[in-house]
Amino acid sequence: MTDALLTIEDLHVSYRGHESTAHILDGVDITIGRGQSVGLVGESGSGKSTVAFALLGLLDGNAQVSTRRAAFDGREMRFGVDETRALRGTDIAMIFQDPMTALNPMFTIGTQLVDIQRRRFPRESRNRLWGRAQAMLVDVGVPDAAARMHRYPHEFSGGMRQRVVIAMALLVEPKLLIADEPTTALDATIEAQVVEVLDRLRQRTSASMLVISHSMGLIAELCDSVIVMYAGTVVEHGPVRVVFSRPRHPYTRALLACEIDPYAAFDPSQDLATIPGTVPDPARRPQGCIFASRCPARHDRCNERPPRRQTREGRTYSCWQEAA
Ligand SMILES: Nc1ncnc2c1ncn2[C@@H]1O[C@H](COP(=O)(O)OP(=O)(O)OP(=O)(O)O)[C@@H](O)[C@H]1O
């Protein structure tokens, strides 16, 4: 069994409103092994970013978070308190969809790449941190790195800014790198280049990765295993090869049917077509299977009782349908 870097059991996140409570995550389990890359895939609103934000202590103040058990790097962890914030920027680094979220327009890239390392390497000289930063810019494919260190974020293109943010995340030598839709804001050619950089660095560093995306192609390219989320629940998870080539859950099948081929050379223009029907209101979750209202294979039992968890070929899925 892989030595887990992160284990979260039964994660719940809800927001209490005036009239009702919206249950955004409902019993999510996540395990990420050391050096492993895990993808989180699902339609918009399925709760993918909520998982990352819970991990980093970035949820809105009115969020209620609970778990049965959570551990990071061999230590028990608690959510929504200072512990999660303490991990941010040292043990866990995040690459956001919009690189400007992480960059300060007022400072040069060099200054920001040096400052980000201070907490991790408090005794290192500025010169040494500057050298590390410049070398990392070269690594992520920023040309003319020595001169670019003196430039401001607005002097970089979108793709180059995202490379800078990847460098920034890697400079703190995180144990876990979270990439939340890292290429969505980029145009197609640049997107494929950034994926290539992430893939190369993933193979070289020992960091684990959590890649959040609605693109199965991107997950197939970057990840060892995949967690498929629907409306705040995990419907199927397991090795990417198994789940994508022989999906069991009707929702995974529907997602894959919408994309052309997750194993084709990464093509960012491939996107999800819509699956008929709508996601249930998080304030009124059904008592049976959460996907039943949109499922082509549903029968009476699916509306009445939560689905059965089944394991086949190292992959687990929650559905009443018997394996063929
Ligand atoms: N403060 C909040 N109060 C109530 N609901 C919220 C709040 N923040 C987020 N949500 C809801 O949580 C749900 C999950 O959002 P989340 O951003 O995690 O989904 P996602 O799968 O990452 O979607 P996307 O792919 O669009 O980023 C959404 O329905 C969103 O409206």
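The following exchange takes up strand 5, its partners and the ligand shell in a predicted model.

Me: How do you know which residues and atoms were counted?
Reply: Residues are numbered from 1 along each chain as its sequence is written. Because the model is predicted, local features need pLDDT of at least 70 and side-chain atom pairs count only at pLDDT 80 or more, while totals for chains, interfaces and linings use all residues.

Me: Why are strand 1 and strand 5 called paired?
Reply: Strands (E, at least two residues) are DSSP runs, numbered from the N terminus, and two of them pair if DSSP finds at least two bridges between them. Strand 1 (residues 4–16) and strand 5 have four bridges in the antiparallel sense, and therefore they meet that definition. In strand 5, F72 is the bridge partner of L6.

Me: What makes strand 5 and strand 6 a pair?
Reply: Strand 5 and strand 6 (residues 75–76) are antiparallel with two bridges, so the requirement of at least two is satisfied. In strand 6, E76 is the bridge partner of A71, and in the hairpin of these strands, which has two residues between them, D73 takes a positive phi near 55 degrees.

Me: What makes a residue count as near the ligand?
Reply: Its C-beta atom, placed from the backbone, must lie within 6 Å of the molecule. Of the 13 residues around the ligand, Y15, S44, K48, S49 and T50 come nearest. Helix 1 (48–56) and strand 2 (21–33) each give two or more residues to this shell, and helix 1 gives the most, with three.
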